[in-house]
Amino acid sequence: MNPVNYLYLAALLFTIGATGVLIRRNAIVVFMCIELMLNACNLAFVVFSRMHGNLDGQIIAFFTMVVAAAEVVVGLAIIVSLFRSRHSASVDDASLMKL
Amino acid sequence: MENLIALLIAAPLLGAAVLLVGGRRLDAVGHWIGTVLAAASFAVGVVLFTDLLGRSAQDRTLTQHLYSWIPVEGFQADVAFRLDQLSMTFVLLITGVGSLIHLYSIGYMEHDERRRRFFGYLNLFLAAMLLLVLADNYLLLYVGWEGVGLASYLLIGFWQHKPSAATAAKKAFLVNRVGDMGLSIAIMLMFTTFGTFAFGPVLGSQEHPGLAGDATGGKLTAIALMLLLAACGKSAQVPLQSWLGDAMEGPTPVSALIHAATMVTAGVYLIVRSAAIFNGSPDAQLVVTVVGAVTLLFGAIVGCAKDDIKKALAGSTMSQIGYMVLAAGLGPIGYVFAIMHLVTHGFFKAGLFLGAGSVMHGMNDEVDMRKYGGLRKYMPVTFATFSLGYLAIIGFPGLSGFFSKDKIIEAAFAKGGTEGWILGGAALLGAAVTAFYMTRVMLMTFFGEKRWQPDEHGHEPHPHESPRSMTIPMIVLAFGSVFAGGLFSIGDRFLNWLEPVTGHAEGDSPLSPMAVTLITTALLVVGVALAYAQYGRRPVPVVAPRGSLLTRAARRDLYQDDFNHVVLVRGGEHLTRSLVYVDHTLVDGVVNGTAASVGGLSGRLRRLQNGFARSYAVSMFGGAALLVAATLLMRAV
Amino acid sequence: MSFPLLTATAALPAVGAIATAAVPAARRNAAKALALLVSLATLALAIVVLVRFDPGGDRYQLTESHAWIKEFGVRYELGVDGIGVALIALTALLIPFIVLAGWHDADPLETGSRRWRPTQGFFALILAVEAMVILSFEATDVFLFYVFFEAMLIPMYFLIGGFGDRAHEHGEAAASTQRSYAAVKFLLYNLVGGLIMLAAVIGLYVVAGNFSLQEIVQARANGSLHMATSTERWLFLGFFFAFAVKAPLWPLHTWLPNAMGEATTPVAVLITAVVDKVGTFAMLRYCLQLFPEASKWATPAILVLALISIIYGALLAVGQRDIKRLVAYASISHFGFIILGIFAMTSQGQSGATLYMVNHGISTAALMLVAGFLISRRGSRLIADYGGVQKVAPVLAGTFLIGGLATLSLPGLAPFVSEFLVLVGTFARYPVIGIIATFGIVLAALYTLVLYQRTMTGPVKAEVEAMPDLRARELLVVAPLIVLLIFLGVYPKPVTDIVNPAVKQTLSDVQKKDPQPEVEAAK
């Protein structure tokens, strides 16, 4: 199959993720959309790796996964503590740094 | 012998330091410390005087170099003293009259709890005044010059709880500062012109003319006029005369010592000392004579209208110094006589002031002559000494003032030409007015009916003679007033003494000395007669009548003060107030405005940071899209 | 290698600052004593520097030199000339008095909070300022100088903003607002100046290739370093602007009255008597030596600004209602004289200006500290709130008068010598400017005497009736300053001897000769 098709898929996934970030209020959903965007990028990296025949893209994809995993840990923790203090998971409610 | 010169200054300086730093512990003996040290200085002066007398006339200049004061590349000021006939004369006058007035003050200030401090200030004054006349360069003279100004400030404002005294003190200092500005500019001019301002190199001596002889006329005139400005300030000459009348707020011994006998004559000293400069600039000399002539009339007119005995005497002082300045402006014809009149005036005016102080002492510090009258019965000694001073100042033949003032009038005529006639005429007119106002003071104070009344507390003054410590100085000064003139004039003693320093020339007078004497005496009689007609034959009203236009003007010092007030004080207030406004709104406003606009801009930018994560996301995506678009665009191009 | 005396002189207060800050909260008095001790020890070191300095010797003495940032040729280079020595001595001399005068100024209002240690902070900051000021007088590397010139702002900012007069006529809240306004204004003004200077410092590096003052001056003198006229002028302006803000020169002066008005009096003295001197010192050292041609080019404009400062500062002082602001404006007038003397480019003017820096430090300290004692008694800075103090507190009034007389340059007191030298030096080259500047002495008499009259004389006001006279500690602060004022007025030779050779060097850098007297020249 033509590898370009995978790129189209990656672009589509990224767009869905971006749209989700912009229009959804729930922090968990926004968070998942960000993950979606990251994975879209990962896909693109792997595709490029394949297209150019070297491993750089795949290595970067691993890096991204590691970073994403760390991010999940921190991000979820923030969301949980936000939810605890405000009793809501809406990102719009958390528009001030202080309570 | 030279090494004694510093001792002259050191003694009173030590007194000032001890008395002012010593604190209340010295309250009991402070006045004696002050008096003894003043007398010690006088004693040293006498020793030096006898030493000078033992030398030949050309060899009477002693100098003492203490140390290098301000050494800077190309600029050299030393602490060095010069004692010659001119400064010797002043030293004796200052320490002599000064010691007497110290003695007088012991009694006069007896009931003042701050007497120790008073003596400290008096000693400070003596030290500064001696420094002024002994300095060997103009910058050191300037130290003494401002030093006496400081002492005068402290003493005028001695009773500082009285706002009027504090204001008068401040005014005296400020007006003097204007004069001081002249002196400092003169010193700067000397420095740029001659490269030095030491007396020796600049002024030279009779045999060896100094650098002043080599300068261009314009520079000399500028220096001379600046020195004159300084002299006007210190000696209360028009246009800087306004402070002297107010200075009478000070205790009377101060008025006698500082504002009559010594400090106010410093201007005359300055001019005579700088003879070499003035001689090179006839234009400046003309201005000096004009200032002198105007002031002698101005002071005399003011003296005629004042009811405050001290202010009347202050007007008289101004007028008499006018005579001296006039004489000094005449050049070598007049220098010696200026100093001679200065010395005799020192005696009789100090005596008159001490007499006035004695009267006030007995009259509960009342100064209004309209509330005196008939005091001769109550205060015989004061009356006698005051009368001798009176006769001396009006120039009664045979007394001090007669000799010294006559010489000045003669010298004024000897100036020659129209100027000579005008100046001589002014001096003659002044003599007549002097006779008038002094007779007025005499009659209002000692003759006629008693006019005093109980004050608001019901205390009626009980005029009485003053204690011995006050009358002795008055008697001594009265002797001086009577005999000094004759002593100086007979055999031209004073002339021979001073001539090696100041030089002397005989003028070409259109009138013979005899004629001048006769005219003066005639005018004197007229002045006395007029005063007698007005104040002797009729009772003096207790409340001053409204008076003629001239009287009213003279009471207000010929409106000079009002002019100063309106133009300088008011104008200055407006200026400073508007400048404060400008500084706040304009200079600071520009800065604050910049700060405010930066603040406003950031306030607007702040709104972009609204805290909504999704709007940040939009701007992020927008930014990313923009970057991608830009990259693509660049590729395409 | 010999003992690094200059480093030690600066390091001692720096270490002392840290030690003072570390004193536990409860031991406030120990912190004060420590600060005083350190400042006295620094004074002792400064005296050693003064003694070791040989006026007839090399231009820069007691030099130290170490590489610091090799990549940019920045070196840790110290050295002092006569001017630097005089100012280091002044700084070290004044700090103990400032510490002693501010003994109670930073006592916490209520005890209890264990973490709040204002006293320790106050004295530590003062020592920190001392260290940086001394280093900026010692540095002979432009970059090194710049670092301390700027770093000084940080402790000063906290000193102005963090500590104010105990009593305030408008209440504590208003005082706090005004204080932070003053502190921010101080910081911003000086930061802007500093930034512009930073640009010029970098520019200088680009042109010269290193930061060493001596090397650049030498290279310029022997022609190996050529600067285009416009480059030199721009660099000069960059440096001068920063120094003019610090000095302060009209119209960059408005931060000073705010800062001096709101800060406690010892800090106000620190600002005007010590910190501001870095500005005028740097004009003399950096502007004139690095950019002689541009200095001459800018002289007319700077002289006019200095003249405006003199007259304008004095007039505004007359119009003030607040004692501390009055002294601040008087200082602006005096800084005008200093700058006038520097740029008159004559031996008398520059020696006078250097002497003026020292004398102004002492005289302002005397006047301002006594004013501070007065203010602390009544709790008001307004002149109108006083009257007749002379009667109840004669010693206070007497010392206040002497401080005032020094401010108006009465002959016999130290400032007269320097003011007259500046005037003579200016007059020799620019007679008209010299004469106009002379008006400043009349105005000085006006504002000083009006201040004295309104506060000290007249009937005793009810509020001041119970005012105590100076206490022993306060007298200990004032008396030595007054003795020094009199001593340096009567015998200024020790200072002029140190300063003269340095001034001569500076003048030869700018290649200016003193004007010759007319008559002698003719002979």
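# Reading a three-chain model, one feature at a time

Visitor: Let's start with chain C. How many helices and strands are there in chain C?

Guide: Chain C has 21 helices and 2 strands. Keep in mind as we go that this is a predicted model.

Visitor: And chain B, how many helices and strands there?

Guide: In chain B you can find 24 helices and 2 strands.

Visitor: How do I read the radius of gyration of chain C?

Guide: You set it beside the value for a compact globule with that number of residues. For 523 residues that value would be near 24 Å, and chain C comes out at 22 Å, so the two agree. You can also picture a box: along the principal axes, the C-alpha atoms of chain C fill roughly 70 × 55 × 40 Å.

Visitor: What box does the C-alpha trace of chain B span?

Guide: About 120 × 70 × 55 Å along its principal axes. Look at how chain B is divided, too: domain 1 covers 289–544 and domain 2 covers 565–636. Taken over C-alpha atoms, the centres of these two domains of chain B are 74 Å apart.

Visitor: What share of each chain counts as buried?

Guide: For chain C, 65% of its 523 residues count as buried. For chain B, the share is 59% of 637 residues.

Visitor: Can you show me single residues? Is B:Ser274 buried or exposed?

Guide: Read the relative accessibility and hold it against the cut-off: under 20% counts as buried. B:Ser274 has 0%, so it counts as buried. You'll find B:Ser274 in the loop between helix H11 (266–273) and helix H12 (275–279) of chain B. Leaving out residues up to four places away in sequence, B:Ser274 touches B:Tyr138, B:Leu203 and B:Leu227.

Visitor: Now one from chain C. Where is C:Ala294 found?

Guide: C:Ala294 sits in helix H12 of chain C, residues 292–318. Its relative accessible area is 1%, so C:Ala294 is buried. If you skip residues up to four places away in sequence, C:Ala294 touches C:Glu232, C:Arg233 and C:Phe236.

Visitor: How far apart are C:Ala294 and C:Leu237, in sequence and in space?

Guide: They are 57 residues apart in sequence, and 8.5 Å apart in space from C-alpha to C-alpha. You can ask about such separations for a whole chain. Take the contacts in chain C between residues at least 6 apart in sequence: 82% of them join residues at least 24 apart. In chain B, residues 24 or more positions apart account for 80% of the contacts with a separation of 6 or more.

Visitor: How much surface does each chain have?

Guide: Chain C exposes about 17,300 Å², and carbon and sulfur atoms supply 65% of it. The accessible surface of chain B comes to about 24,100 Å², with 66% belonging to carbon and sulfur atoms.

Visitor: And charges? How far apart are the mean positions of the positive and negative ones in chain C?

Guide: To read this, average the places of the positive charges, do that for the negative ones, and check the gap. Chain C has 36 positive and 33 negative charges, with mean positions 4 Å apart. Chain B has 45 positive and 41 negative charges, and there the mean positions are 10 Å apart.

Visitor: Last one: which chains share the most contacts?

Guide: Chains B and C do, out of the 2 pairs of chains in contact. Chain A and chain C have no contact joining them, and their closest C-alpha atoms lie 25 Å apart.

Definitions and conventions
Residues numbered from 1 in each chain as written. Chains lettered and ligands numbered in written order. Predicted model: local features only at pLDDT ≥ 70, side-chain atom pairs only at ≥ 80, totals over all residues. Heavy atoms only, no water. Helix = DSSP H or I, 4+ residues; strand = E, 2+ residues; numbered from the N terminus. Rg over C-alpha atoms; globule rule 2.2 N^0.38 Å. Buried < 20%, exposed > 50% of the residue type's maximum accessible area, 1.4 Å probe, protein only. Contact = heavy atoms within 4.5 Å. Areas by Shrake-Rupley, 256 points an atom, 1.4 Å probe, with all protein chains shown as cover. Lys, Arg positive; Asp, Glu negative; His and termini not counted. Charge placed at Lys NZ, Arg CZ, Asp CG, Glu CD. Domains from an automatic or database assignment.
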